[in-house]
Amino acid sequence: MQLKLTDVTKKFGDFTANNRVNLTVEPHQIHCLLGENGAGKSTLMNVLYGLYEPTSGTIEIDGAPVSFSGPGDAMAAGIGMVHQHFMLIPVFTVAENVALGHENTRGMSLDLETTRARIREISERYGFAVDPDAVVEDLPVGVQQRVEIIKALVRDAKVLILDEPTAVLTPRETDELLEIMRQLRDNGTSIVFISHKLREVRAVSDVITVIRRGEVVGQVGPETSTDELAALMVGRDVSLTVAKDTAHTTGTALEVRGLTVVGDNGVVLLDDVEFDVAPGEILAVAGVQGNGQTELTQALVGLEEQVSGSARLDGQELVGLRTREILASGVGFVPEDRSTDGLVGTFTVAENLVLDRYREREFAAGPSLRLGAISGHAGSEVNEYDIRTGSVDSPVATLSGGNQQKVVIARELGRPLKLFVASQPTRGVDVGSIEFIHKRIVAERDKGTAVLIVSTELDEIYALADRIAVFFHGRLMGIVGPDTPREALGRMMAGEPTDSVLPPAPWDHSHDDGGSPAGAPAGGSTAAPATAPAHAGGAAAVTLDGDGLDPGAHPADRTTDRPEGNRTA
Amino acid sequence: MSASTAPATSDQVSAPPPTELSAEDPRRTLLGSTLQSVLAVVVALILGGLLIAVTDERVRQAAGYFFARPGDTLSAMWRAASSAYIAMFYGAVYNPNGSTLADRLYPLTETLTVATPLILAGLGVALAFRAGLFNIGAQGQILIGATLAAWVGFAWQLPVGLHLLAVVVAGAAGGAVWGGIVGLIKARTGAHEVILTIMLNYVALNLVAWLLTLPGFQREGSSNPISPPVADTAMFPKLLGDHFRLHWGFVVAVLATVAVAWLLNRSTVGFELRAVGANPRAARTAGISVTRGFVVVMLLAGLLAGLAGTAQIAGTEHSLTSGVAASFGFDAITVALLGRSRPWGTFFAGILYGAFRAGGVTMQSMTGTNIDIVLVVQSLIVLFVALPPLFKFATRRSQEAAA
Amino acid sequence: MSTAITSQSSGPSSGSPEHPPEAALATSAANRAVGVRTLRPAIGLGVLALVSLIVFALNASGQRVDFRFSNDGGAIRLPDVSVPSAPYGWVVTIVLAALAVYAAVQARKLPRWAVIVAGFFFVTGFLVWIVGTAQTPSISITALLAGSVALATPLVFGSLGGLLCERSGVVNIAIEAQLLFGAFSAAVAGTVAGNPWVGLLAAMLGAVLVAAVLALFAIRYRVNQVIVGVVLNVLVSGLTGFLFATVLEPNAASFNAPDRLPHVRIPVLAEIPVVGPVLFDQSVIGYIMYLAVIVVWFALYRTRWGLRTRAVGEHPKAADTLGVSVNALRVRNVLLGGAVAGLGGAFYTLVSVSAFTRDMTAGAGYIALAALIFGRWNPVGALLASLLFGFASNLESILSFLGTPVPSQFLAMLPYVVTILAVAGLVGRSRGPAASGEPYTKE
């Protein structure tokens, strides 16, 4: 089935998400849609899937124009979609999820037996090993994704759209998925693969369409180099340098021993972690999203329920203290998601700037707030941090992402600290603000504060780190120096212990699995000098484009066409 | 209704706060929302008038020959509705038939008297709304507050002044405990406050009914479930002399409004409560205890409703019955909604609904229109305040006015 | 409360140098998991055992309690059962304590049989104790159960109506309004048409009208569902009260005197002791009730509509991406729920009393809501919870005849207290549909 989009435009109010996009997906093809986060890939696919109506333009299937009023129409036309956030009902079984919307009936009653048989059949053909009667919420993420693929296949999808399918997968699961995609293609399904990860895109695609700011900027083949792809995708060579002196570290500020976090369902999310952070040192934590980093930061500030082990700050035990006590003892905390955890959207900028400080003597007289002092404080912070806002009395939700993040950073750095913990400090932040925030963090380090940064952007890790800690499945795989090569970090992020990664040389590229989803931008052809990254005392060059490409996108492993390392049969 | 047992600190507390009736529209200006409220009142009154008109006996007679003389029907309808509303106005604001100025203004003081418990309980509901909680339980909190106030009022003997103070404290404490239970259970188990408060209303009602069968509580020599009258020292003094029923409870309501306004906008506790209501996860990350917030706000909400119960006992009723709360607890929800959960908005909404009630009594006696029409008008107002089409109209008008 | 954590399996130590990387990967493919031990059931049972010890055993009256099983005038006669109250209190205490010990050793969720055994002994223990305190310690089980079913009928319809709304993601606090308006419509239409069947139809239509307002505001305009429900209750109470006083009362003969629906006694089956009078000697609405529970259960769990309804209540966006029209389905279900609740309203004016009075449902809608939650959003659960609540209120009136020192108000409180314990997680766990209460919009 051939799918053709002509001049498709989608506007949300004044904002143009897609502008005159032309795209043709041929049968037996893996067609990649490559672009930064926010480039308009997902919007385009939602148009294609009937979730959005295009503002203008046409969609044709095998030469005949179609128009979808809803996903039902798109599915009937043979288009299936695996959403970035799975569209599965957690309390339903696999069979119920697969049947939903496409139910077989026997008279009045539902016929799940037919669905079960179809699931078993597809499961066998592609080696999915999915039990039709398992309840979805009990399944691992990788298996849930297969259920999503089964959903599309059961509906006889001729075109399968996969929206950022590897974001939540481990490197091994990613490799398995890529293999499944090839199999599907060979069996006649066309695949639209949406991604911003160059390595995966080059490994699996037949055609690559690059999209930037809602427009198609080029169509290339998989043989195109990562540098070229990155340049197309980012459209500019952005290179930022954070000047950073050698860390002057003496002694230990934060001492973490046997720290363990257990989730509600009994899964150990952070497993017996042990490390130290010295005053005036930045320890950067690297890892694929969801490998215990979030839990580590939350446990340090008292936001996890079931914590054991110890975390001492200047000798004071933090585990067991309340969040308020921990913050008051000199810990600054920037949560991963500013809009849900860092800010109260309907509160004013001024109120948000004192969200965890309103009880301090400066801002409150007994039970009464000093509104004047709060407002005055906001005025000076807005100036110092260059927060662009109409007024300190505007609701913080009206600010741009970068300015919102500056509010959080200003609040947390605006008081004397012993430890600064920041999770994804520059996620979704514009380039100018990233530089500003990085400088502030380094300045805080230079004041003698111990700093713990969690980032899934390897370039951010290299820009800031004095030492790098790598997490995998809740365990600390090891702590390495700031000049550790990307591929070594990638392998640690995929679960290889430090010892097996670091000593041997030369690097065996066939074992590079890239630690993929931790994508960090490698930018244009002036790409980050990952072979000599950020040594203390030097300057770290960081290329930034707002969101990650892939650590594997480094020039050094351009020759790596396909990861062989640890695929299971 | 989600009533999960997950710990209250889990993500289920991140539900959007019910401070507004519907999804907040950024275009909603203060002028627009005021205009919307006024329009809602007007449209509700018109519909109420229509209901009065079509059920009127004379209108139905005139309708019998509608096609012969349609004018008769229409004028009968107008007469039925307008006379009812005029009677309501006489009963709520100004009675031109009074012989003295005091007589003529008597209705206004009645309105304020009836408004007193509505404002107090409405503030309790509004405060909980601002912290993201539905307090459907004002009814039970009023009842328990009234029970304790009445008991201290009739069973204790204390000097003048001190006795009234003790009654007020007891009433406030009773309501606070009944509200606090909800906060505590929600904080500890994550149970949904809507279910808890509804159930506790009925528990309170049965508890009071049972107490009123006990020898210590039931009036001696009476077979009815009614307590002895409270001592004179336990009553709120009249505010404007014995000619009027208006009592110092109204001053308590004004002070409570001032206090809630200060608490919400200018105090650290209010800052915490608003943060918990607007984004519990961010509040928790900033070191504010969400669960403690639930307990505190339900204590305070119950306290305010308890004061409403006190106003009933020490101000107007003077003895405890199981009907002492009337329907004030449910009316308080509509009062808080009409007042958009803001302290002074709630205050004026309370006075408006007080006027409906006070006027409704006069209306029923003067024109025979059943007082239940007041419930219809009140609930229609709240529905229309939330109705987007009406809101669009109001916004357009206010934009035109601004242009 | 009392949740201990024990390690069940420990993951591999993070790969030693001897292991090749592949092996390390293969074994560390997932996070380590630990089991969650809970003592909650044990504590719950322990509390019940303690109550049983203090109340049923130590405070028993010492009288023998007679349970009569025969129908009055029935053809088949069963012997009465006479139970000594104090020894039975001890039996109940020992059984509950044994179950508590079992639960403490197992330290996980109770198996179903244990819940049923504990429930049976606690309820019968309570019954024996409380009848034992009466002046006449003799009770007809048939009358007790038949009365319970009658009192439970509007609750069952109300909670089924609420269930249809909530399973598709719309909170329905307006069950009370639907019952009341159903009762009102049934009385008026039944009288005007001179036919109770027309009244029955009108009850459904009246409640559907209330549901339509709920759907309009909650789904179309996305107004907060709890608020709409509360306001609708006030509106309908005021409206029916006003119309009752203005129109119905002055013209009772022409507006408020409906004929009753027929009472059907199924021959032979109705003669079976206990079961016969309870199941086979009922008003038409009683039979419709059993049918409704079966139909709703089947439809919810065994049909395409049910699968979609449950999906929309759990994860509307997922259902939408599969071509299920979320809001249309919700509107349909809210209206359908209204029709079911309306049948419960008809019970008041076409079966129970043949006239409408002001606020005659007296909060039954809220008890129906409680039954829905206590029954865990399941039709059979809602039926059983409604029957339990009907049982409690019937017991209340029977005991006041028998003359028991236990205040009737405490029995009246029972449904509410049980519901509070249920939502607080002390009586099992009740988890509602995940998306209930949240309006659905496409971006």
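The following questions and answers concern a predicted model.

Reader: Which helix gives the largest share of the side of chain C that touches chain B?

Author: The contact draws 43 residues from chain C and 45 residues from chain B. On the side of chain C, α8 (225–248), α15 (364–374) and α17 (408–423) each supply at least two residues. The largest share, 15 residues, comes from α8(C).

Reader: How many residues of the side of chain C that touches chain B are nonpolar?

Author: Divided by class, this side of chain C includes 13 polar and four charged residues. The count of its nonpolar residues is 26.

Reader: Which strands are the edge strands of the open sheet in chain A?

Author: Six strands of chain A form this open sheet, with mixed pairing, in the order β6-β9-β10-β3-β11-β12. From one strand to the next, the twist averages 20°. An edge strand here pairs on one side only, and this holds for β6 (79–82) and β12 (215–220) of chain A.

Reader: Which residue of β10(A) stands opposite A:Leu33?

Author: Strand β3 (residues 30–34) of chain A and strand β10 (residues 190–195) of chain A run parallel and are joined by five bridges. Opposite A:Leu33, in β10(A), stands A:Ile194.

Reader: At what angle does helix α5 of chain A run to β6(A)?

Author: In the sheet order of chain A, β6 is followed by β9. Helix α5 (residues 141–154) of chain A lies across β6 and β9 (159–163) of chain A. With respect to β6(A), helix α5 of chain A runs at about 170°.

Methods. Residues numbered from 1 in each chain as written. Chains lettered and ligands numbered in written order. Predicted model: local features only at pLDDT ≥ 70, side-chain atom pairs only at ≥ 80, totals over all residues. Contact = placed C-beta atoms within 7 Å. Helix = DSSP H or I, 4+ residues; strand = E, 2+ residues; numbered from the N terminus. Nonpolar A, V, L, I, M, F, W, Y, C, P; charged D, E, K, R; others polar. Pairing = 2+ DSSP bridges. Axes fitted to C-alpha atoms, helices over the stretch in contact; angles between N-to-C directions.
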